[in-house]
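Dear colleague,

I am writing to hand over a structure for your attention. Please look at the sequence and the coordinates below; a description of the findings follows.

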Amino acid sequence: MEIWHYWALAALALVVGEILTSGFALVCFAVGAVGGAIGAAAGCSIEWQIGVFTIATLVAFLAIRPLLVRLSKKDQIVTNADALIGRTAKVSEEINPAEGTGRVAIDGDDWKAESESGEVIEKGAKVVVTNRESIILTVKKQ
């Protein structure tokens, strides 16, 4: 077996490992191993092969991985309380940060709420949910 075969086997093993895990880290090393295999097939010395492996891996981590992570999150369906973010709610109890009061109603459910900007929001106002932490919604005026 030639050295490029070892690089190719390493790339294959890393791709299989990536399938069994998440995070897109192993696939970046697999790209580097493919680079090392190409360097070996071209007759480069082991130092050059390792250099090509390192550069290809770094490029994959800086260029390919962020793209893959973004694409994988694009298809996620937001459910439960996280689905409230971006929704419009009606203030059912004045939101007053100084007094620690505030509630909003969405789809018949009543949630504790706080103002994103720290301003007082009167009862009956329409607000947009910007964040959720545990059972407290952060809202801003619409």
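**Aromatic rings**

F29 counts as partly exposed, because its relative accessibility is 32%. Please bear in mind throughout that this is a predicted model.

F29 belongs to a cluster that ring pairs build from W7, F29, F53 and F61. The count of aromatic pairs comes to 3. One of them joins W7 and F53 in a tilted arrangement, with 5.5 Å from centre to centre and 40° between the planes. This pair links distant parts of the chain, since W7 lies in helix α1 and F53 in helix α3, 46 residues apart. W7 counts as buried because its relative accessibility is 13%, below the 20% limit. F53, by contrast, has a relative accessible area of 21% and is therefore partly exposed.

The rings of F29 and F61 have planes at 80° and centres 5.4 Å apart, so this pair is edge-to-face. Here too, distant parts of the chain are linked: F29 is in helix α2 (residues 26-41) and F61 is in helix α3, with their positions 32 residues apart in the numbering. F61 has a relative accessible area of 27%, which means that F61 is partly exposed.

**The nonpolar surface patch**

A nonpolar patch lies on the surface, and its members together have about 1,200 Å² of accessible area. The patch is formed by M1, I3, W4, Y6, L9, L12, V15, V16, I19, L20, I46 and I50. Two elements, α1 (3-20) and α3 (46-74), give two or more residues to it. Helix α1 gives the most, with 9 residues. One of the patch members, V15, is found in helix α1. V15 counts as partly exposed because its relative accessibility is 35%, and residues need over 30% to enter a patch.

**The barrel**

Apart from the helices, the model holds a barrel. In it, 5 strands close in the order β1-β2-β3-β5-β4, and their pairing is mixed. Neighbouring strands of this sheet are turned against each other by 50° on average, direction ignored. Strand β1 (residues 88-96) pairs with strand β4 (residues 126-133) in the antiparallel sense, over 3 bridges. T88 stands opposite V128 in β4.

To find your way in the model, you may wish to begin with the ring cluster of W7, F29, F53 and F61, and then turn to the strands that close into the barrel.

With kind regards

Definitions and conventions. Residues numbered from 1 in each chain as written. Predicted model: local features only at pLDDT ≥ 70, side-chain atom pairs only at ≥ 80, totals over all residues. Heavy atoms only, no water. Patch = residues over 30% accessible without salt bridge, like charges linked within 9 Å, V, L, I, M, F, W, Y side chains within 5 Å. Areas by Shrake-Rupley, 256 points an atom, 1.4 Å probe, with all protein chains shown as cover. Salt bridge = Lys/Arg side-chain N within 4 Å of Asp/Glu carboxyl O. Helix = DSSP H or I, 4+ residues; strand = E, 2+ residues; numbered from the N terminus. Buried < 20%, exposed > 50% of the residue type's maximum accessible area, 1.4 Å probe, protein only. Pairing = 2+ DSSP bridges. Axes fitted to C-alpha atoms, helices over the stretch in contact; angles between N-to-C directions. Phe/Tyr/Trp six-rings, centres within 6.5 Å; stacked < 30°, edge-to-face > 60°.
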